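Trainee: I am new to this one. Could you take me through the terms as we go?

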Amino acid sequence: MAEILLLNGPNLGQLGTRRPEMYGTTTLAEIERDVRKTLAEAGHTVRCLQDESEATLVRAVHGAADCAGAIVNPGALMIAGWSLRDALESFPGPWMEVHLSNVFAREPFRHNSVISPLASGVLCGLGAYGYRLAALGLAHRLAEDAARAVGGGPTGAGGPGSGRVPGLGTGSGAGSAAGPGAT
């Protein structure tokens, strides 16, 4: 059972009450619960952290080198969080970036991210559901990486280590219709 880091940056602790017209009414605790449930179905546990300080987030990334992967919502740190970017660059596993709102439909200064080019995948504009999709995509990626490491493709009907993740179909690799992990 591999552990996944769920990292949330500044202001995300206020979800549910901060600008609900933009970010929805789902709280961070509800998102964490959904991510835990989704990843548990794929055989993973979750380590959660939200903080307002970039330094704390950087320390968390460095301290999570034992995690198999991560889901990261850097919040506004996507714009100029260079130390967080550098920490994520050295993170050993795949990680997904999530934004509740569609940053490309917002102010132009939000259109450029220093973090996104490093991510294994980026989801934005899907609200709290984006976290669930990121969890499914990350689990799919980890299962495929594990299958490739032992010299084969997906095996079995879908438990931990089988190469299949519930909700993502049976395809593998780019071009399949497997879901968020497909390109």
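Mentor: Start with helices. Helices (H or I, at least four residues) and strands (E, at least two) are DSSP runs, numbered from the N terminus. The expected span of a helix is 1.5 Å times one less than its number of residues. This is a predicted model: local features need pLDDT of at least 70, side-chain atom pairs count only at pLDDT 80 or more, and totals for chains, interfaces and linings use all residues. Residues are numbered from 1 along each chain as its sequence is written, and side-chain values use heavy atoms, with hydrogens and water left out.

Trainee: What makes the span of helix 6 close to the expected one?

Mentor: Helix 6 covers residues 129-149, 21 residues. From first C-alpha to last it reaches 30 Å, and 30 Å is expected at 1.5 Å a residue. Just after helix 6, glycine 151 has a positive phi of about 85 degrees.

Trainee: Why is glycine 137 called buried?

Mentor: Buried means under 20% relative accessible area; exposed means over 50%, and partly exposed lies in between (1.4 Å probe, protein chains only). Glycine 137 has 3%, so it is buried. This glycine 137 sits in helix 6. Methionine 96 is 41 residues from glycine 137 in sequence, yet 8.0 Å away in space, C-alpha to C-alpha.

Trainee: How do you know whether serine 113 is buried or exposed?

Mentor: Its relative accessible area is 18%, under the 20% limit, so serine 113 is buried. Serine 113 lies in the loop between strand 4 (95-99) and strand 5 (121-124).

Trainee: What does the side chain of serine 113 reach?

Mentor: One partner is the backbone nitrogen of isoleucine 115, at 3.0 Å. Another is the backbone nitrogen of serine 116, at 2.9 Å. Leaving aside neighbours within four places in sequence, serine 113 is in contact (heavy atoms within 4.5 Å) with Met78 and Glu97.

Trainee: Why does arginine 110 count as buried?

Mentor: Arginine 110 has 17% relative accessibility, which is under 20%, so the word applies. Arginine 110 also belongs to the loop between strand 4 and strand 5.

Trainee: What makes the link between the side chains of arginine 110 and glutamate 107 a polar contact?

Mentor: A polar contact is a pair of N or O atoms within 3.5 Å; within protein, one must be able to donate a hydrogen and the other to accept it, and residues adjacent in sequence count only if both atoms are side-chain atoms. The two side chains are joined at 2.6 Å, so the distance fits. Not counting residues up to four places away in sequence, arginine 110 touches Met78, Ile79 and Val103.
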